[in-house]
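Student: I have a structure open on my screen and I'd like to learn how to read it. Could you walk me through some features?

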Amino acid sequence: MASVSEESDRPEAERPGAETSGTARPAPGSPAPGGSAPGDRESGRLGSDRPESGGQEPGGSEPGGAEAAGRGSGTVVPGRPEARALVARRINPARGLGDRVFRLQLTATGVAVLAVMAGVGLFLLLRAGQALRTRGLSFLTTAAWQPDVHNFGIAAVLTGTVLIACVAVVISVPLAVGTALFISDVAPRGLRRTLVTMVDLMAAVPSVVYGLWGLFFLQQHVIGLSRWLSEWLGWIPLFTVDGTQPGEPLASESVFTASTFVAGIVVALMVAPIQCSVMREVFSQAPAGEREGAYALGATRWGMIRSVVLPYGKGGIIGGTMLGLGRALGETIAVYLIISPVFVIQPHILQTGSNSVSSLIALHYGDASEFGMSALMAAGLALFLLTLAVNFTASSVVARSRSGAQSEA
């Protein structure tokens with residue numbers, strides 16, 4: 001009994017069942033401190049994730065003014081006034097002076113580019129108006145080029161332009177992709193800088209140098225390949241050469257010179273460095289974590305490239321290809337030096353004779369009459385629209401296949 005009286009005489013904080021922090025331990029079945037029952041533990045967890053309310057009553061205003069507003073405001077959860085859900089802090093949409101100036105510069109640059117393009121198209125349209133009014137839609141279906149007698153069209157030159165560009169892209173894309181992959185994933189680190197410099201220097205070589213090289217060196221070494229393709233693939237109309245028979249060793253070599261194939265090879269070597277530069281930059285940005293993850297899963301180097309680098313760089317491959325195609329469509333001097341101009345639709349790429357819109361303008365610009373100049377402007381307008389169509393198609397394709405959007409690693 002003495003012990004019971006002594007226990008009752010002790011202060012409440014010193015009793016054996018009391019908490020040292022000054023908070024009484026709740027009895028089993030009694031409500032938790034703060035009036036929360038055991039069933040309200042979920043709301044307690046919710047409240048622990050929000051900022052301290054400073055003892056505010058539900059529905060009241062938080063003390064602290066700007067400090068509380070900086071932490072975010074709370075909203076009473078319906079049905080549970082003791083819990084408050086966090087609400088995202090409202091961001092001030094006001095832009096600073098630097099942001100406004102930068103936005104203005106970007107807008108002005110974009111508008112200037114569009115204005116220049118519209119100005120070029122409008123200039124060509126106005127200068128080509130006389131020729132277009134004279135020929136009408138027959139300008140697109142006529143192969144001859146005799147503007148002085150009002151018998152002209154771009155059917156032949158436009159066909160030759162597209163064929164030369166297609167041959168160039170078919171040859172340049174595998175070369176550019178392989179070179180870009182070798183530089184970004186295979187070549188030793190010390191060799192990469194040298195290879196990048198060499199590729200960039202190739203892109204800076206003037207087109208007239210490529211044209212002279214193709215005319216005096218490449219053409220005579222490609223005749224054998226053209227003959228072999230004509231012999232084994234001559235059953236395909238694209239590789240047919242008129243005036244030759246399969247297996248005839250004494251056939252004249254002149255039928256294989258100045259052809260679409262030779263011009264396409266030269267243009268391919270001109271556009272490959274540009275395509276390689278675009279693809280290399282995209283391949284080098286493939287995530288290092290995904291590369292290492294592919295190796296960790298047992299992939300070989302080719303397996304890593306196939307499952308990580310190529311899917312990530314799909315947009316770069318398409319963009320580089322279309323960029324090279326746009327330049328191949330407008331290449332002038334190299335094509336002008338190599339081909340033998342003919343004004344008939346020539347679908348045989350190995351046979352001598354071809355043409356292009358740009359070489360046509362370069363050939364007849366100096367001696368064209370007033371009406372002939374209008375006809376040349378109409379041909380330039382057709383090439384301008386064709387290039388725009390290719391670029392817009394490329395941008396739409398790239399937008400649907402963003403780099404990094406798909407990866408199998």
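Student: Let's start with Leu 329: does it count as buried or exposed?

Tutor: To decide, look at relative accessibility, where under 20% means buried. Keep in mind that this is a predicted model. Leu 329 has 4% relative accessibility, so it counts as buried. You'll find Leu 329 in helix H12, which covers residues 314-330.

Student: Which residues does Leu 329 touch, leaving aside those up to four places away in sequence?

Tutor: Touching here means heavy atoms within 4.5 Å. Leu 329 touches Thr 161, Val 162, Ala 165, Leu 383, Leu 386 and Val 390. Now try Leu 163: its C-alpha is 9.3 Å from that of Leu 329, with their positions 166 residues apart in sequence.

Student: And what share of contacts in the chain joins residues 24 or more positions apart?

Tutor: Taking contacts with a separation of 6 or more, 69% are of that kind. As for the chain itself, 35% of its 409 residues count as buried, and its secondary structure comes to 15 helices and four strands.

Student: How many aromatic pairs are there?

Tutor: Rings pair up if their centres lie within 6.5 Å, and planes over 60 degrees apart count as edge-to-face. By that rule there are four aromatic pairs. One of them joins Trp 145 and Phe 152, with 5.7 Å from centre to centre and 70 degrees between the planes, so it is edge-to-face. Both Trp 145 and Phe 152 are buried. Phe 152 also pairs edge-to-face with Phe 371, at 5.6 Å centre to centre and 75 degrees between the planes.

Student: Why does the pair of Phe 152 and Phe 371 tie together parts that are apart in sequence?

Tutor: Check where each one sits. Phe 152 is in strand E4 (residues 151-152) and Phe 371 is in helix H15 (residues 370-400), so the pair links parts 219 residues apart in sequence. Phe 152 and Phe 371 are both buried. Together, Phe 139, Trp 145, Phe 152 and Phe 371 make up one aromatic cluster.

Student: How do I read the way two helices cross? Take H7 and H9: at what angle do their axes cross?

Tutor: You fit a line to each helix and take the angle between the two directions. The axes of H7 (residues 189-203) and H9 (residues 260-284) cross at roughly 135 degrees and come within 8 Å. H7 and H9 are therefore oblique to each other. The crossing of H7 past H9 is left-handed.

Student: Which residues meet there?

Tutor: From H7, Val 196, Val 199, Asp 200, Met 202 and Ala 203 take part, and they meet Leu 269, Pro 273, Ile 274, Cys 276, Ser 277 and Arg 280 of H9. The residues of this contact divide into eight nonpolar, one polar and two charged.

Student: Last one, backbone angles. Which value does phi of His 150 have?

Tutor: Look at the sign of phi and at the residue type. Phi of His 150 is near 60 degrees, a positive value in a residue other than glycine. His 150 is in the loop between strand E3 (145-146) and E4, and its 40% relative accessibility makes it partly exposed. Another case is Ala 258, whose phi is positive at about 50 degrees although it is not a glycine. Ala 258 lies in the loop between helix H8 (207-233) and H9.

Student: Is Ala 258 buried or exposed?

Tutor: Ala 258 counts as buried, with 11% relative accessibility.

Conventions. Residues numbered from 1 in each chain as written. Predicted model: local features only at pLDDT ≥ 70, side-chain atom pairs only at ≥ 80, totals over all residues. Heavy atoms only, no water. Axes fitted to C-alpha atoms, helices over the stretch in contact; angles between N-to-C directions. Parallel < 35°, antiparallel > 145°, perpendicular 65-115°, else oblique. Left-handed = near helix turned anticlockwise from the far one by under 90°. Nonpolar A, V, L, I, M, F, W, Y, C, P; charged D, E, K, R; others polar. Phe/Tyr/Trp six-rings, centres within 6.5 Å; stacked < 30°, edge-to-face > 60°. Buried < 20%, exposed > 50% of the residue type's maximum accessible area, 1.4 Å probe, protein only.
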